[in-house]
Amino acid sequence: ETPFAIDQLPPWQRESLPRWLWESWCARFGVEETEALAQALNVPASVDVRVDVRRTTRDQVMTQLAALGIEAQFTPFSPDGLRLHGRPSLSTSAPYRQGLLEFQDEGSQLIGHLVAAQPGMTVVDFCAGAGGKSLHLAVLMADRGRIWAVDADAARLGNFRARQFHLLVDHRLEDAPELRQQGHPGLFAARHRVQFVFQLGGEIV
């Protein structure tokens, strides 16, 4: 038994919120809306994956996962996503090892579609991190165009390259001397197809 009755706790403690935030939200949204929002925040996040629709379909990946005892369903909004039931391990599964899927929440997947980038365009991702959205854009751009992947954290951006190879994004990173001449020493870009230009903060590498 718990040493106290949960329903006797102040509402901000019951909903695991700081008191100042609870009071601020109540003043702005009202108590009922604040309670609903707090309860939603306490629900564990779903596990979503993005399917590489260049090489397979969501239905095919769902069938592969089902054969492994992993249940999944289509994400309600993203046309590329699957939502897994529970938190299964995929690191040794065939779809993951073959680069047919990538962990990415549905919200991030939708950003790629909202950008509506077309093949041949230049797109700048100013907070690229490990590159999930940039790599999704490469798929949506049919592996043709230039993507500037910019992040202030070198370690996170360093993971980008490994993910490229894992997901078989068509690219070839090479030194770009024509851009060196424009005052950007150390800039790397792909010679053709998708071009990824890595930039850390204000320094292009």
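**Open sheet.** I started with the sheet of 4 strands: it is open, ordered 2-3-1-4, with antiparallel pairing. Strands here are DSSP runs of E with at least two residues, helices are runs of H or I with at least four, and both are numbered from the N terminus. Two strands count as paired if DSSP finds at least two bridges between them. Strand 2 (72-74) and strand 4 (101-103) are at the edges with a single partner strand each, so one side of each has no neighbour in the sheet. Neighbouring strands here are turned by 35° against each other on average, direction ignored; the axes are lines fitted to C-alpha atoms, and angles run from 0 to 180 degrees between N-to-C directions.

**Note to self.** This is a predicted model, where local features need pLDDT of at least 70 and side-chain atom pairs pLDDT 80 or more, while totals for chains, interfaces and linings use all residues. Residues are numbered from 1 along each chain as its sequence is written, and side-chain values use heavy atoms, leaving out hydrogens and water.

**Strands 1 and 4.** I then checked how strand 1 (residues 47-51) meets strand 4: they pair antiparallel over 3 bridges. Val-51 sits opposite Leu-101 of strand 4.

**Strands 5 and 6.** Strand 5 and strand 6 (residues 145-151) run parallel and are joined by 4 bridges. Thr-122 has Arg-146 in strand 6 as its bridge partner. With helix 7 (residues 132-140), these two strands make a right-handed β-α-β unit; right-handed means that, with the strands pointing away from the viewer, the path from the first strand over the helix to the second runs clockwise.

Which side chains of strand 5 (residues 122-125) are buried? Val-123 and Asp-125 are, on one face; Thr-122 and Val-124 point to the other face and are not. Buried means under 20% relative accessible area, exposed over 50%, partly exposed in between (1.4 Å probe, protein chains only). In a regular strand, side chains alternate between the two faces of the sheet.

**Positive phi.** I looked up two residues here. Ser-16 is not a glycine, yet its phi is positive, about 60°. Ser-16 lies in the loop between helix 1 (11-14) and helix 2 (19-29), and counts as exposed because its relative accessibility is 55%. Ala-116 also has a positive phi, near 60°. Ala-116 is in the loop between helix 6 (106-115) and strand 5 and, at 41% relative accessibility, counts as partly exposed. Most residues other than glycine have a negative phi.

**Last entry.** Leu-37 lies in helix 3 (residues 31-41). Leu-37 is partly exposed, at a relative accessible area of 32%.
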